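Thanks, everyone, for making the time. I would like to walk you through one model this morning, going from the overall figures to a single helix, then to the cores, and finally to a spot on the surface.

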Amino acid sequence: HLEEQQYPGAVVVQGPRLGSVERGSIASGTIVVGEDNQNQRSSSIPSRNPTPNVIVAAEVAPTEEEIIARMDEMERRVREHTRQTESTMERRVREQVQQVLQQTPRAEILHLDSDRDRPPASMEEGNDIGTDIKDEVPNKNVQTLTSNGRAVSSEDSQDNLCRRRLICLIGAFTLVIAIAITVAIILTRDDNKSCSVDSDCSFNHAEGDCLDGSCVIRSCLPGYGLCDGDYSTGCEVNLLTNENHCGSCNTKCNTNNSCMNGICVLQSIQRDALMSLYDSTDGPNWYTDAQENWGSSSVHECLWHGVQCINGTVTELAKGVENLDGTLPTELGLLTGLTYLYFWSNKLSGTIPSALAQLTKLTLLTLSGNELVGGIPTEFGRLTNMRSFFVSNNQLTGQFPSEIAKMTKLTWMHIENNDFTSIPPEVCSKSYSRFSGDCPPCYLGCCTACE
């Protein structure tokens with residue numbers, strides 16, 4: 001009766017099984033009908049046919065689905081409570097902030113509460129509530145509402161910010177200057193050299209001072225720099241010509257550029273022309289002094305042995321008696337600034353390149369004492385600035401070109417000891433013809449006055 005009408009879903013345990021039921025296995029709220037031999041309990045609930053040893057369990061343990069449903073309901077209630085709490089707090093904060101905004105023109109909200117009692121996430125600094133409140137109270141100046149409730153105007157805040165930035169900038173600038181001075185002193189100090197007076201301190205291409213018992217570099221000589229970090233060598237780099245330190249230390253010129261007077265400039269073709277001479281005449285086997293600086297990427301070609309320049313342009317090339325062994329390259333014709341070309345007494349062979357006729361500024365050409373063959377290029381008649389022309393003691397052949405007579409400024413010429421077949425009269429009649437031998441000296445029927 002109880003099971004079917006008053007307690008649906010109740011569990012009935014009858015007979016001898018009652019005694020085997022442990023107390024802890026019966027859920028709370030169990031209703032006992034009749035007598036329990038063990039517990040001596042009786043129910044106050046009336047029963048039509050009380051049966052001894054009968055237990056009616058009106059409430060049983062919930063199923064898994066019921067547990068999940070109850071947990072969901074609890075979670076929903078918690079969320080609802082939290083939402084109501086946050087809404088209430090947000091409303092209160094809005095009311096307080098709006099009151100401040102009304103009282104303080106142009107306020108800016110930076111802190112809405114202290115760290116101890118922080119508002120919900122939606123009210124923290126940087127959220128949209130500040131914008132919302134600002135929209136609700138238009139035409140208000142921006143101020144700072146601190147955690148202790150004090151409002152600071154934006155003008156004061158900006159002034160303080162500017163002052164702080166200025167102080168930081170001055171401090172940083174002072175620190176940089178101090179570091180620079182310290183580094184300069186350290187870099188110029190020679191720890192390996194002690195002194196008592198300034199005269200004890202001497203450096204390569206530099207002036208030194210005695211400071212606190214140690215030698216320091218006061219300054220490098222003009223055009224030199226201290227670039228290798230070895231202070232004992234002084235200012236070792238020529239900043240005017242060094243392509244790795246052009247004008248200042250560690251200023252490196254790009255490929256195909258050279259350093260001229262401390263400025264990186266596009267490398268001229270004259271360097272390539274000189275290297276052509278070096279390559280075609282066995283440069284590595286030139287006499288040692290003759291090789292000085294040749295081919296060096298860190299030394300300008302104007303400082304190579306036997307090369308002279310004016311304003312960076314090669315004007316003189318003197319390589320006499322220096323064991324040049326090979327042929328003259330046509331690239332020499334690119335050195336259009338040449339006025340002086342001197343290759344006396346080497347081992348030059350092959351023919352004289354007609355490209356030398358492009359050197360119209362030449363005043364002296366010396367090719368004597370070599371092993372040159374062939375003839376004199378007729379194009380040499382264009383060398384109208386020539387004053388001295390020497391090709392004696394070679395193996396030149398053919399008729400001496402009459403075009404040489406066009407060298408109107410020519411005052412000295414040696415062409416003897418070759419295998420020329422004839423000398424044109426217009427050349428022989430010139431007072432510039434000089435030959436060695438008996439007096440009067442003659443060569444191929446061309447005689448000149450005695451010297």
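**Overall picture**

Of the 451 residues of the protein, 33% count as buried, and please keep in mind throughout that what you see is a predicted model. The secondary structure consists of 7 helices and 26 strands. The accessible surface comes to about 26500 Å², and 50% of that belongs to carbon and sulfur atoms. If we take the contacts with a separation of 6 or more, residues 24 or more positions apart account for 44% of them.

Let me turn to helix H6, which covers residues 269-280. With 12 residues at 1.5 Å a residue, this helix should span 16 Å, and since its end C-alpha atoms are 17 Å apart, the model agrees with that expectation. Which residues of H6 are buried? They are Gln270, Arg271, Ala273, Leu274, Ser276, Leu277 and Tyr278, so the list holds polar and charged names alongside nonpolar ones. As a reminder, an α-helix has 3.6 residues a turn, so residues three or four places apart point the same way. The buried residues of H6 pack against two strands, namely S14, at 307-310, and S15, at 313-318. Just after the helix, aspartate 282 takes a positive phi of about 60°.

That brings me to the cores. The largest nonpolar core has 48 residues, and within it Leu317, Phe343, Ile376, Phe380, Phe389 and Phe400 touch the most other members. At least two residues of this core come from each of H6, S15 and helix H7, the last of these at 425-428, and H6 gives the most, with 4 residues. If you would like to follow one member on the screen, take phenylalanine 343, which, leaving aside residues up to four places away in sequence, touches a set of residues that includes Leu277, Leu317, Leu324, Leu328 and Leu332, as well as Lys319 and Asn370. There is also a second, separate core of 8 residues, among them Phe203, Cys210, Cys215 and Ile217.

Finally, the surface. Leu166, Leu169 and Ile170 form a nonpolar patch there, with about 310 Å² of accessible area together. Leucine 169 lies in helix H5, residues 154-188. Is this leucine buried or exposed? Its relative accessible area is 58%, and because exposed means over 50%, leucine 169 counts as exposed.

Methods. Residues numbered from 1 in each chain as written. Predicted model: local features only at pLDDT ≥ 70, side-chain atom pairs only at ≥ 80, totals over all residues. Heavy atoms only, no water. Expected span 1.5 Å × (residues − 1). Buried < 20%, exposed > 50% of the residue type's maximum accessible area, 1.4 Å probe, protein only. Contact = heavy atoms within 4.5 Å. Core = buried A, V, L, I, M, F, W, Y, C linked by side-chain atoms within 4.5 Å. Patch = residues over 30% accessible without salt bridge, like charges linked within 9 Å, V, L, I, M, F, W, Y side chains within 5 Å. Areas by Shrake-Rupley, 256 points an atom, 1.4 Å probe, with all protein chains shown as cover. Salt bridge = Lys/Arg side-chain N within 4 Å of Asp/Glu carboxyl O.
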